[in-house]
Structure formats: structure tokens, C-alpha cells
Amino acid sequence: MLFRSQPYLDYFPALPGNRRYYDVALGNIHFFAVDSESEEPDGIDANSVQAAWLQNALAQSKECFNIVYFHHPPYSSGDPLFVEPRMRWPFGAWGADLVLDGHEHVYERIVLGGMTYVTDGLGGALNRFPFQPLPVLGSLVRYNAEFGALLAEVYDGMIEFTFRNTRGDVIDRFDLQRDCSAPHTTYDAGM
């Protein structure tokens, strides 16, 4: 079966694992790539084979920070058509520190149940998407006026994130801090 991810898989033939979802540790950050495409053979809901893999992989992580990323946002104040509710997994309860996604051509930072979700889809697509009149629960920052990018600066026990638009204006700044010698704290899965 050919699915939408095939061009990505063709372009990156040396990806680890099954190439659709995998993890890689770089320094004190452990990245977990998850496939949020509806055609994912191992499923995209919290009870799927892929979700079980992520839960196990997060539990085994020894790095200071665990960052999960995928394409479709589980939460967004943008067009509901581009939101994937099946990706509302208990990331914090499983040991993730941050969830990054795109798809919506907006920037938004949402905090739910102690878990931070960042949608950054303003990297240069042809258009920017509008927001709904009311933000979703937990939305702290919403921006769609110009394109931009999220910069992450990594320090011992801290990652500082800065979203800047193409003019260099700082739109959002936040950080994650952890005692790297302590085990991961899990967050309330209630969303």
C-alpha cells in the first residue's frame, strides 16, 4: 500500500527503525518521531502498536529531555480540519517533556495537564491559516501574522525556545528545565 508518507520515506532511505516512527538521542535530548498520518499501518490512536512503542521507548530513555514530534496537531485553535484528535496520547504520563507538531500554518503554544504542545507551521508555506474566534483550552500564545521559526538553545538542564517572525521579532519565549540527575517526572494525563 502506498501512503502519503512514501515520498518522505523515499527521500530519507536511511532512517532508523521502521522509518515511520523512531527515536534518536542527541546529547541530553531524546527525540521521538511519530507518524500521525491516518494511513500509518501501526495505527495513530493511544492504543495503537505505534503508541505502545512510544510508551516503552519513553520509559527506557536515559536522556534529560524527551521530545516527541509529528506532523498533525492534537490540539489547535486553528481550523479543526487540520487537527488530529486521535493523537491526544498521554504523552506526559509516559515521560515526554514537550510535543512539537506542524500542519496548521500557525504558531501556537498550548499547555494541557502540565504538557506543552507547540505547533509551528509557519516555516514558509505559501499561506498562513486563520485562527478560530476562541482559543482552545490551554492556549497561551497564538500567532499567524508572518512566517517564522522556533529556535531551541540547549544548556545543561535547560532548553530555551524562542519563536521569531521573519523580521526577527520575538513572538514567544519559554523554557524547559529539569534536574538531569533525577528521573523523569510524569504529568497528569487529564486533558
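Let's start with Arg20: at 18% relative accessibility, this arginine counts as buried, because the cut-off for buried is under 20%. Please keep in mind that we are looking at a predicted model. Who is the partner of Arg20? Its side chain meets that of Asp42 in a salt bridge, at 3.2 Å from N to O. Arg20 sits in the loop between helix H1 (6-11) and strand S1 (22-26), while Asp42 sits in the loop between S2 and H2, so the pair ties together parts that are 22 residues apart in sequence. Asp42, at 23% relative accessibility, counts as partly exposed.

How many salt bridges does a search of the whole structure find? The count is seven. Let me show you two others. In one of them, the side chains of Asp97 and Arg178 meet at 4.0 Å, N to O. Asp97 is in the loop between H3 and S4, and Arg178 is in the segment after strand S10 (170-177), so this pair links parts 81 residues apart in sequence. Both Asp97 and Arg178 are buried. The other joins Asp169 and Arg167 at 3.1 Å, N to O. Here Asp169 counts as partly exposed, at 30% relative accessibility, and Arg167 is exposed, at 58%. And back to where we began: salt bridges with shared partners join Arg20, Glu40 and Asp42 into one network.

Now let's move along to Ser48, in the loop between S2 and H2. Ser48 counts as buried, at 8% relative accessibility. A polar atom of its side chain lies 2.8 Å from the backbone oxygen of Asp45, and the backbone nitrogen of Ala51 lies 3.0 Å from a polar atom of that side chain. Farther along the sequence or back from it, Ser48 touches Asp42, Gly43 and Trp89.

That brings us to helix H2, residues 49-60. Its twelve residues reach 17 Å from first C-alpha to last, close to the expected 16 Å. Gln50, Ala51, Leu54, Ala57 and Leu58 are buried. Seen down the axis, the buried residues fall within an arc of 125 degrees, so they line one face of the helix. Strand S2 (29-33), strand S3 (65-69) and helix H3 (91-94) are among what covers them. On the other side, Val49, Ala59 and Gln60 are exposed.

Last stop, Glu104, in the loop between strand S4 (98-101) and strand S5 (107-112). Glu104 is buried yet has no salt bridge, and the nearest side chain of opposite charge, Arg88, is 9.5 Å away. What does the side chain of Glu104 make a polar contact with? With the side chain of Ser76, at 3.3 Å. The backbone nitrogen of Asp79 also lies 3.2 Å from a polar atom of the Glu104 side chain.

Methods. Residues are numbered from 1 along each chain as its sequence is written. This is a predicted model: local features need pLDDT of at least 70, side-chain atom pairs count only at pLDDT 80 or more; totals for chains, interfaces and linings use all residues. Side-chain values use heavy atoms; hydrogens and water are left out. Helices (H or I, at least four residues) and strands (E, at least two) are DSSP runs, numbered from the N terminus. Buried means under 20% relative accessible area, exposed over 50%, partly exposed in between (1.4 Å probe, protein chains only). Lys and Arg count as positive and Asp and Glu as negative; His and the chain ends are not counted. A polar contact is a pair of N or O atoms within 3.5 Å; within protein, one must be able to donate a hydrogen and the other to accept it, and residues adjacent in sequence count only if both atoms are side-chain atoms. The expected span of a helix is 1.5 Å times one less than its number of residues. The arc is that of the directions from the helix axis to the C-beta atoms. Contact means heavy atoms within 4.5 Å. Lists of a residue's contacts leave out its neighbours within four places in sequence.
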